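Trainee: Do you have a moment to go through a model with me? I would like to start with the overall layout and then move on to some individual residues.

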Amino acid sequence: MRYAISDKRVAVLFDFHIFYDAGRAALAGGSPYTVANFFYPLPVAYFFAPFALLPFPAAAGVWWALNLAALLTVARRASGFWLLFPPVWQQFVSGNMDLLILRLWDWAASPTAGAGAGIALAISTLKPQLGLLVVPFWLWQWRRNGRRAW
């Protein structure tokens, strides 16, 4: 395929290239699993289908803007020192969806989320393995706060 791991042209936004191609495959009525290195749940391809309607540079710009907004919003609420942590920037540069999903979980846990929390949690199931990081933290917060809402 065009975006094989050995392809040096796509070192930046490597993951987003995969998501973009999976979205294009879904829009064309094909299987996103024909895209090299696409090993995600099927709804991920449909989540990225709107991006595939745009030319790749525009879609990448929108994706980076969403991730930057998620990163800065969480940084405003938490200590900004974790922004210096290299894996955070690796997620941003590779175009992975982890930053956006972690922001959705952060928003869903806030007292102002309301009914939108369910939508945020539903979208976050696109990458369920991240729950291994977040759910223990939520349980610890819940216990620390005397089993009250945040």
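Trainee: In what order do the elements of the chain run from the N terminus on?

Mentor: Keep in mind that this is a predicted model. From the N terminus on, the elements run α-α-α-α-α-α-α-α, which fits the count of eight helices and zero strands in the chain.

Trainee: And how much of the chain counts as buried?

Mentor: Of the 150 residues, 43% count as buried, and the accessible surface of the chain comes to about 8700 Å², with 70% of that area belonging to carbon and sulfur atoms.

Trainee: What about contacts, what share of them join residues at least 24 apart?

Mentor: If you take the contacts between residues at least 6 apart in sequence, 55% of them join residues at least 24 apart. F47 gives you an example of a pair separated in sequence, since F47 and F19 are 28 residues apart along the chain, while their C-alpha atoms are 8.9 Å apart in space.

Trainee: Where does F47 sit, and what does F47 touch?

Mentor: F47 belongs to helix α2, which spans residues 42-47, and leaving aside residues up to four places away in sequence, F47 touches W63, L100, I123 and L126.

Trainee: Is F47 buried or partly exposed?

Mentor: F47 is partly exposed, because its relative accessible area is 25% and the cut-off for buried is under 20%.

Trainee: L100 was in that list, so which residues of its helix, α6, are buried?

Mentor: Helix α6, residues 98-108, is mostly covered, with eight of its eleven residues buried. Those residues are D98, L99, L100, I101, R103, L104, W105 and A108.

Trainee: Which residues does N67 touch?

Mentor: Not counting residues up to four places away in sequence, N67 touches F92, N96, L99 and L100. N67 itself lies in helix α4, residues 56-77, and N67 counts as buried because its relative accessibility is 1%. L99 and L100 are among the buried residues of α6, and F92 is one of the buried residues of α5.

Trainee: Switching to α5 then, which of its residues are buried, and what follows the helix?

Mentor: V88, F92 and S94 are the buried residues of α5, and the helix is followed by G95, whose phi is positive, near 80 degrees.

Trainee: What about V93, is that residue buried or partly exposed?

Mentor: V93, which also lies in helix α5, residues 86-94, is partly exposed, with a relative accessible area of 33%. Together with V12 and W64, V93 forms a nonpolar patch on the surface, and the accessible area of the three residues is about 220 Å².

Trainee: New topic, charges: how many salt bridges does a search of the whole structure find?

Mentor: The search finds one salt bridge. D21 pairs with R24, and their closest N and O atoms are 3.7 Å apart. Side chains of opposite charge can pair when their charged atoms come close.

Trainee: Why are those two placed to meet, in terms of helix α1?

Mentor: D21 and R24 are three residues apart in helix α1, residues 14-27, so they are separated by about one helical turn. An α-helix has 3.6 residues a turn, so residues three or four places apart point the same way.

Trainee: And is D21 buried or exposed?

Mentor: D21 counts as buried, at 11% relative accessibility, whereas R24 counts as partly exposed, at 40%.

Key
Residues are numbered from 1 along each chain as its sequence is written. Side-chain values use heavy atoms; hydrogens and water are left out. Helices (H or I, at least four residues) and strands (E, at least two) are DSSP runs, numbered from the N terminus. Buried means under 20% relative accessible area, exposed over 50%, partly exposed in between (1.4 Å probe, protein chains only). Contact means heavy atoms within 4.5 Å. Accessible areas come from the Shrake-Rupley method with a 1.4 Å probe; for residues, only the protein chains shown count as cover. Patches are made of residues with over 30% relative accessible area and no salt bridge: like charges are joined within 9 Å, nonpolar side chains (Val, Leu, Ile, Met, Phe, Trp, Tyr) within 5 Å. A salt bridge is a side-chain nitrogen of Lys or Arg within 4 Å of a carboxyl oxygen of Asp or Glu.
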